[in-house]
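Colleague: Before I rely on this model, I should like to go through the terms used to describe it. Please set each value against its definition.

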Amino acid sequence: MNKQTSTSNRLASLDWMRGFVMVLMTIDHASLAFNGSRLSADSAGLYVLGLSYSAAEFLTRWSTHLCAPTFVFLAGTALAISTERRIAKGGSEKDIDKNLLKRGAIIAALDPTLISLLKGHLTFQVLFAIGSSMMLMAALRKLPSLWLLILAIAWILGGEAVTMLFWTPADGWPDALESILFVTLYSEDLQINYPIVPWLSLMMLGWVFGQYLNRYLSSDKQLVSPIRLLVITAICCFILFALFRWFNDYGNMLLVRESNHWIHWLYVSKYPPSLTFVLLELGLLAICLAGFMLIEKHANVRPDGPLLVFGQTALFFYILHRIILDGSAALFGLHGFGGLTETFIITAATLLILYPACLWYRNYKQKHPRSWVRYI
């Protein structure tokens, strides 16, 4: 097969990146369902001082932190690219907004319905953050890219100060509205993992990156190359992460280092996302995506490669893997029955099931572009 050169094919690296973190996500959710020793206290509100944990458990959980920021960022990137294509084909602004609102609502509704049913309690997770942010982008996309970039960076840098107006661990969790916008909430009947505003900032960054890619791929080679931009971004993020983690004060969302042990350096708050969490994950996202783009420049794109297929059927993959993992754990009473060995075995088995299913779904979706499946 010859190396592919069309615009859509040159963006296979975006699907590879998405597919890669979907594999990581499967590990995390298999651990959530079946690993009785899973580490999950990655929030100042849940952290226990002096908590001990194995390096293997920590690294398994920590490696999967890349998933949610990548999903939200790349959702913004994909929206910008697809919106530009719709406009180029003569699509109206009204239809574009309508599509964003409709698809965003469908995605957001999956958490308080299907996912909550599988979990056994009302939950708002990454699908709610993505869908809500997508709906808000119907209005925000009309702002210039520079404004979106400034707004996103302003929240990432200053969001902790705003969050602390509503919440500190000593006060317990805030009410549902404040939690759903800014913080998190854990109770017996309600769980809010992904507040809208912090994750919207990542979607805005992704949108800006998507607009930049549109310009670059439209032969505007005056711009710095995507690979160079991503590497520079990664270096800047890692430097800032090290500085904020070293000073061990603002920017850590109250989850500060207990010591200079490498685990404590990497043990950052995901719920809600701290500045150090965002900097670290954006740096990792940027360097991984740059690597995939570099590979794409020098290698053939296999149309049925697992990462590409998973990345192109992301929402279908997400729904199906949650049904398989959460459903089987609940149905057979296996929640927390094993450890990391069982986690990785179940992950491998789940991916083997998902690959042909996702391959079929991608082909079906391509043959029925105007059917309801375009929203999944």
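Colleague: Where does L254 lie, and what makes its phi notable?

Modeller: L254 lies in the loop between α10 and α11; helices here are DSSP runs of H or I with at least four residues, strands are runs of E with at least two, and both are numbered from the N terminus. Phi of L254 is near 70°, a positive value in a residue other than glycine. This is a predicted model, in which local features need pLDDT of at least 70 and side-chain atom pairs count only at pLDDT 80 or more, while totals for chains, interfaces and linings use all residues. Residues are numbered from 1 along each chain as its sequence is written, and side-chain values use heavy atoms, with hydrogens and water left out.

Colleague: Why is L254 called partly exposed?

Modeller: Buried means under 20% relative accessible area, exposed means over 50%, and partly exposed is in between (1.4 Å probe, protein chains only). L254 has 41% relative accessibility and therefore counts as partly exposed.

Colleague: Is M253, in the loop between α10 (226-247) and α11, buried or exposed?

Modeller: M253 is at 3% relative accessibility, so it counts as buried. Its phi is near 50°, again a positive value in a residue other than glycine.

Colleague: Which peptide bond is cis, and how do you know?

Modeller: The bond from Y271 to P272 is cis, with omega near -10°. P272 is placed in the loop between α11 (262-266) and α12 (275-298).

Colleague: Why are α2 and α14 called roughly parallel or antiparallel?

Modeller: Axes are lines fitted to C-alpha atoms, for helices over the stretch in contact, and the angles run from 0 to 180 degrees between N-to-C directions. An angle under 35 degrees counts as roughly parallel, over 145 as roughly antiparallel, 65 to 115 as roughly perpendicular and the rest as oblique. Helix α2 (residues 12-34) packs against helix α14 (residues 314-331) at about 15°, with the axes 10 Å apart. The two helices are therefore roughly parallel.

Colleague: What is the hand of the α2 and α14 crossing, and which residues meet?

Modeller: The crossing of α2 and α14 is right-handed; that term applies if the near helix is turned clockwise from the far one by less than a right angle, and left-handed if anticlockwise. Among the residues that meet are M22, M25 and H29 in α2 and F317, Y318 and L325 in α14, where contact means heavy atoms within 4.5 Å. The residues of this contact divide into 11 nonpolar, 4 polar and 3 charged. Nonpolar covers Ala, Val, Leu, Ile, Met, Phe, Trp, Tyr, Cys and Pro; charged covers Asp, Glu, Lys and Arg; the others, Gly among them, are polar.

Colleague: What makes H29 a buried residue, and which residues does it touch?

Modeller: H29, in helix α2, has a relative accessible area of 9% and is therefore buried. Not counting residues up to four places away in sequence, H29 touches Y318, H321, R322 and L325.

Colleague: How are α4 and α5 oriented to each other, and why?

Modeller: The axes of α4 (residues 67-88) and α5 (residues 93-119) come within 10 Å and cross at roughly 150°. The helices are therefore roughly antiparallel. The contact is made by L79, T83, R86 and I87 of α4 with E93, I96, N99 and L100 of α5. These residues divide into 4 nonpolar, 2 polar and 2 charged. The crossing of α4 and α5 is right-handed.

Colleague: What makes D15 and R18 a salt bridge?

Modeller: A salt bridge is a side-chain nitrogen of Lys or Arg within 4 Å of a carboxyl oxygen of Asp or Glu. The closest N and O atoms of D15 and R18 are 2.8 Å apart, and the pair forms a salt bridge. D15 and R18 are 3 residues apart in helix α2 and are therefore separated by about one helical turn. D15 counts as buried because its relative accessibility is 14%, and R18 counts as buried because its value is 13%.

Colleague: How many salt bridges does the structure hold, and which residues are linked in a network?

Modeller: The structure holds 9 salt bridges. D28, R38, D42 and R61 are linked in a network of them. Within it, the side chains of R38 and D28 meet at 3.0 Å, N to O, and both residues are buried.

Colleague: Where do R322 and D326 lie, and why are they called buried?

Modeller: Both lie in helix α14, 4 residues apart, about one turn of the helix, and their side chains meet in a salt bridge (2.8 Å, N to O). R322, at 1% relative accessibility, therefore counts as buried. D326 is buried because its relative accessible area is 7%.
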